[in-house]
Amino acid sequence: MQNFVKDALFLQLQEVNKKIVLFEGKYSKQFQDFKRSWRKQRDPKKYSYETESDFFDWEVLEEQKRDIMSVLQSL
């Protein structure tokens, strides 16, 4: 049973990582750098639907990745 759970978590982690890579390619940076520059930015594009949506979606993916990694380390 534990192997099944690990396999399922690894698959989920792969999917999350694929989505994260898309954001990293789109913005040419990792999330922490994007977050830092997004918070400092005074450009009106910061408040565009696309940029805000990407920020929040990317943040959720990073949290999911941390959670999955945490569970995998505890198994």
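A salt bridge here is a side-chain nitrogen of Lys or Arg within 4 Å of a carboxyl oxygen of Asp or Glu. By that yardstick, Arg36 pairs with Asp33, with their closest N and O atoms 2.7 Å apart. The model is a predicted one, in which local features need pLDDT of at least 70 and side-chain atom pairs count only at pLDDT 80 or more, while totals for chains, interfaces and linings use all residues. Residues are numbered from 1 along each chain as its sequence is written, and side-chain values use heavy atoms, with hydrogens and water left out.

As for the overall layout, the protein chain has three helices and zero strands (DSSP runs numbered from the N terminus, helices being H or I over at least four residues and strands E over at least two). Read from the N terminus, the order is α-α-α. The radius of gyration is 15 Å, well over the 11 Å that the globule rule gives for 75 residues, so the chain is more spread out than a compact globule; the radius is taken over C-alpha atoms, and the rule is 2.2 Å times the number of residues to the power 0.38. The C-alpha trace spans about 50 × 20 × 20 Å along its principal axes. Buried residues account for 27% of the 75, where buried means under 20% relative accessible area, exposed over 50%, and partly exposed in between (1.4 Å probe, protein chains only).

Back to the charged pairs, of which the structure holds four that qualify as salt bridges. Arg36 and Asp33 sit three residues apart in helix H2, which puts about one helical turn between them. Both are partly exposed, Arg36 at 46% and Asp33 at 37% relative accessibility. Elsewhere, shared partners join Lys26, Glu50 and Asp54 into one salt-bridge network. Lys26 meets Glu50 at 2.5 Å, N to O, a link from helix H1 to helix H3 across 24 residues. Lys26 also bridges to Asp54, at 2.6 Å between the closest N and O atoms; with Lys26 in helix H1 and Asp54 in helix H3, this pair ties together parts that are 28 residues apart in sequence. Asp54 is buried at 8% relative accessible area, whereas Glu50 is partly exposed at 46%.

Turning to the rings, there are ten aromatic pairs. Rings of Phe, Tyr and Trp (its six-membered ring) pair if their centres lie within 6.5 Å, with planes under 30 degrees apart counted as stacked, over 60 as edge-to-face and the rest as tilted. Phe34 and Phe55 make a tilted pair, 6.1 Å centre to centre with 35 degrees between the planes. That pair connects helix H2 (residues 31–40) with helix H3 (residues 49–74), its members being 21 residues apart. Phe34 is buried at 5%, and Phe55 is buried at 2% relative accessibility. Both belong to one aromatic cluster, along with Phe23, Tyr27, Phe31, Trp38, Phe56 and Trp58.

Thr51, in helix H3, is buried at 13% relative accessibility. Leaving aside residues up to four places away in sequence, Thr51 touches Tyr27, Phe34, Trp38, Lys45 and Lys46 (contact meaning heavy atoms within 4.5 Å).

One backbone detail concerns Ser28, in the loop between helix H1 (2–27) and H2. Its phi is near 55 degrees, a positive value in a residue other than glycine. Ser28 is exposed, with a relative accessible area of 64%.
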